[in-house]
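Work through the two exercises below with the sequence and the structure side by side, and try each task before reading its solution.

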Amino acid sequence: ETAARLAAALGVAGEPRQEYGSWVVGPIDGTGPNLYLGGDGAASVNFYDPTVDAYYCPQPVEAQTAEAAPADEAAPSDGVSIDPMPVPTECAQRDVGLAPQGEDAIAKAKEVLTEIGLDPATFNYEAGAVDGTNPGYGWVSAYSVLGDQRTGVSWQVAFSGTELSSVSGSLAPLVSAGDYPVISATEAVQRLSDPRFGSGAVAYPIDYVGPEGEPYVEPTDVTVPPLPAPGSQISWPVSEVTITAAQLGLAMQYQSDGSVLLLPTYSLSDGSGVSWSVIAVADSALNFAG
């Protein structure tokens, strides 16, 4: 029912069908808009309309006759027919017109979210930077907020010219799981050295800065690493950092049964543009056996 409702709202023709664990509406061969509704705990949604793309080029199909297989090759004997192959044609880029940008794009993205049954007021928005080289493309990121913080759930809405090109996000509603004990920021820092939370303490470089304070520059020359010397010590770097800031927020966490939780999570920073994400739920509420 949800897949049918979304398809109707986004203009996708056809009846919902099950394919590879998702509900699918519309053709998947690139001939028209399609919609996927995943069976995962976040109820992932993906809509795409290839026909509005500037590079859309429908290919005529010409039936082909299968040649007889050589005697030394195994020829199909189960009666399976060979599908016609698309015959490529030359297509030029189409002028799709100007896509909405900035506040105009955000306004249209809010309309899309409303059409698919979401409350635009529960998101904050960022419009893609205006691209002078491709003014026919525009996009908006809508970030779900709970209170005054982003939850980690987001939607992406893209336009090709004035037409809706793609929509993707998580449709599952937020449901309270009750109250849980939360550790302090100091305890969160201590978890950085706790092997039980090693997978949760991940460095996310925001803007990499080298040891001399110089921004990272992508190398242009291809260099080959040296051959490791027999008996040499194995590099196993251990970093010492001083945490200077901690912010308590939320982060998505997939459970072993496929369900998804938004968990209290600390974002720890050392002030150099690198941050670590550490779960903030106390040990007493964690099942370490999985």
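**Exercise 1: Salt bridges around an aspartate**

Arg196 is partly exposed, with 45% relative accessible area, in a model that is predicted. Identify which side chain meets that of Arg196 in a salt bridge, and trace the network to which Arg196 belongs.

Solution. Begin with the partner: the side chain of Asp283 meets that of Arg196 in a salt bridge, at 3.2 Å from N to O. Next, place the two in the chain, where Arg196 sits in the loop between H3 and strand E11 (203–205) and Asp283 in the segment after E14, 87 residues apart. Then turn to Asp283, whose side chain also forms a salt bridge with Arg191, at 2.6 Å from N to O; this pair again links distant parts of the chain, since Arg191 belongs to helix H3 (residues 185–191) and lies 92 residues from Asp283. Now compare accessibilities: Arg191, at 6%, counts as buried, because the cut-off for buried is under 20%, whereas Asp283, at 34%, counts as partly exposed. Finally, assemble the network of salt bridges, which links Arg191, Asp194, Arg196 and Asp283.

**Exercise 2: A bridge between strands**

Determine which residue forms a salt bridge with Arg150, and explain what parts the pair ties together.

Solution. The partner is Glu126, with the closest N and O atoms 2.9 Å apart. Arg150 lies in strand E9 (residues 149–160) and Glu126 in strand E7 (residues 123–127), so the bridge ties together parts that are 24 residues apart in sequence. As a last step, check the accessibilities: Arg150 is partly exposed at 36%, and Glu126 is partly exposed at 37%.

Terms used. Residues numbered from 1 in each chain as written. Predicted model: local features only at pLDDT ≥ 70, side-chain atom pairs only at ≥ 80, totals over all residues. Heavy atoms only, no water. Salt bridge = Lys/Arg side-chain N within 4 Å of Asp/Glu carboxyl O. Helix = DSSP H or I, 4+ residues; strand = E, 2+ residues; numbered from the N terminus. Buried < 20%, exposed > 50% of the residue type's maximum accessible area, 1.4 Å probe, protein only.
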